[in-house]
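Work through the two exercises below with the sequence and the model in view. Try each task before reading its solution.

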Amino acid sequence: MILFYNPKATKSRNRRLPLSILAVAAVLEGKEDYAIVDGNLDPHPTESLIARIRERPVELLAVTVMPGPQTVGAGASCREIRARFPELPIVWGGYFASNYTAAALNAGYVDYAVRGQGELTLLELLEAIRGHRELKTIAGLSYKDSDGRPRHNPERPLRSLDDFPWYPYHRVPVEKYLLPTFLGRRTTVHQASIGCPFRCNFCGVVNFSGSREKMESPARTGDILRHLAQTYGVDAVQFYDNNFFLREDHTRELADRIAPLNLRWWCEGRADIMMGYADATFEAIRRAGCAMIFFGAESGSNEILKEMNKDLCAEDTLALATRIRRFGIIPEFSIIFGNPKDPEGDTRDCIRFIRQLKRLNPDSEIVVEHYTPVPQRTRMYGNVEDQMQFPTTPDEWATERWQRFATQKDPRTPWLRPRTKQLIENFELVVSSRWPTVQALRLPSWGRWVLKILSSWRYKLGIYAAPLELRWTQQLLALRKPKEESL
Ligand code: B12
């Protein structure tokens, strides 16, 4: 049997279908015996894994790991399982294994790391474990050779999602993952493409997919969503794609196919690409149920956008903020604060840019990010190679200091002075109180008003220092933080 493990990633009220595991399990469905343990549902996943292993022989423990809390759960469970069942091979896949491959293999409890798209790599790894193939022939695989030295095989070219079977939804309790959000009562998740063709040098996806993207056909996305709506009563979708709207013809076809399903949905797009779209396409997207689009605006300075390799200009973001209002779609703009060369100046510029966006479109939602570097194939944004030393093991990644880094809560980067960090956080608190997010489903309307009234003088006068009253009020109201919790 193959045992899959999705370590706990989030609070239980935010749990989502474990798509990473479903994607790789799909290629085993009907051919292999497998089981799934999801730490987002199961409060004692290590015990459950152990119980499964005792039940019947397990050939491989296959774990999906993202940087952040999943690294903690993955490390703890795998260490325990290695101690009890030293012969059982363990493979890690996902963003941690792809971006921090060497660190993953440095753990005594990880034998294989799968980089990038994992379906075929997993199938070939199973062949190798069964003695029918050599490890060195498996593209996308990293492993330790017989001397314990790390080996990194060449990259695996991305395949279209249509080349793989549908996810085996029936193998998980789908009902438990359908959550109320501002989009609908039964929100699900779907990813209709993999990778990203851009080269932004602050992003973890570039290394993962080598600046390439493959999309699912609109027909298949439509069929899957119809199945989810008809079988499970899904009425809303969060799309995980890094770039949902890459091509206008694809977008139009997809919108037309989704429209009859009466879903409300959220996705990510690029301002420059969408600015090239016709009004009729925006209308089609709206008709198809699109409620909000997330845009990585990153900065209001074209110089900094260039330094980020973003291939975007600030004017496109500003124009998009104005244009999208006409179609009743809310834009959610994410801004990266703290350019390493001049964090103070950049922070002031970012604040100015956000204020401009809010003037053009007050409905805009704002996501404030602290620049948190990710290793790149080329240089990192800000040329910070000399200033950054990443952990070399998953256990080090699991420490409090690096958890706060990975979750972007407190990157503690050498160039970010505590005073500047405080200003960024204060500004975030003021702007998120002045316009409480529409994603905060449980926030009562009186709570919204209290936050608005308490913060409007600060926003108007640009006084952000020590907003204790806002911090307490947000805590009291348990205001949702979309950047940490997803929708
Ligand atoms: C869903 C998601 C989440 C969910 C987690 C859901 C869960 N697993 O339970 C939530 C919202 C909780 C979340 C939180 C965070 N996330 Co997140 N998340 C994503 C997102 C949007 C989609 C991932 C996904 O499921 N895709 C669908 C599946 C099918 O694709 P996949 O995961 O890539 O899986 C394929 C391969 O990776 C591989 N594979 C994956 N697992 C395995 C396992 C095995 C055994 C094998 C063989 C192969 C394999 O094969 C799969 C099929 O090809 C990605 C961005 C993206 N679009 O990829 C970011 C992303 C992975 N997250 C990221 C980050 C930074 C975080 C946070 C740290 C953010 C924060 N501020 O807190 C937290 C950390 C939480 C944690 N778990 O540790 C970054 C990682 C960057 C990096 N440095 O590597 C990404 C890339 C976003 C980004 N652009 O920056 N996230």
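**Exercise 1.** Find out where the second largest pocket lies with respect to the domains, and describe its lining.

*Solution.* Step 1: domain 2 (178–383) and domain 3 (417–487) both contribute lining residues, so the pocket lies between them; the domain bounds come from an automatic or database assignment. This is a predicted model, in which local features need pLDDT of at least 70 and side-chain atom pairs pLDDT 80 or more, while totals for chains, interfaces and linings use all residues. Residues are numbered from 1 along each chain, and side-chain values use heavy atoms, without hydrogens and water.

Step 2: a pocket is an open set of points on a 1 Å grid over the protein atoms alone, where a 1.4 Å probe fits, with protein on both sides within 12 Å along at least five of seven lines; lining residues have an atom within 4 Å of a point. Here 41 residues form the lining, and E428, S432, Q474, R480 and K481 lie nearest the centre.

Step 3: α17 (418–434) is among the elements that supply at least two lining residues, and its seven residues are the largest share. Helices are DSSP runs (H or I, at least four residues) numbered from the N terminus.

**Exercise 2.** Describe how helix α9 packs against helix α11.

*Solution.* Step 1: the axes of α9 (residues 248–258) and α11 (residues 279–287) are 8 Å apart, at an angle of about 35 degrees. Axes are lines fitted to C-alpha atoms over the stretch in contact, and angles run from 0 to 180 degrees between N-to-C directions.

Step 2: in the contact (heavy atoms within 4.5 Å), α9 uses E248, T251, R252, A255 and D256, and α11 uses A280, T281, A284 and I285.
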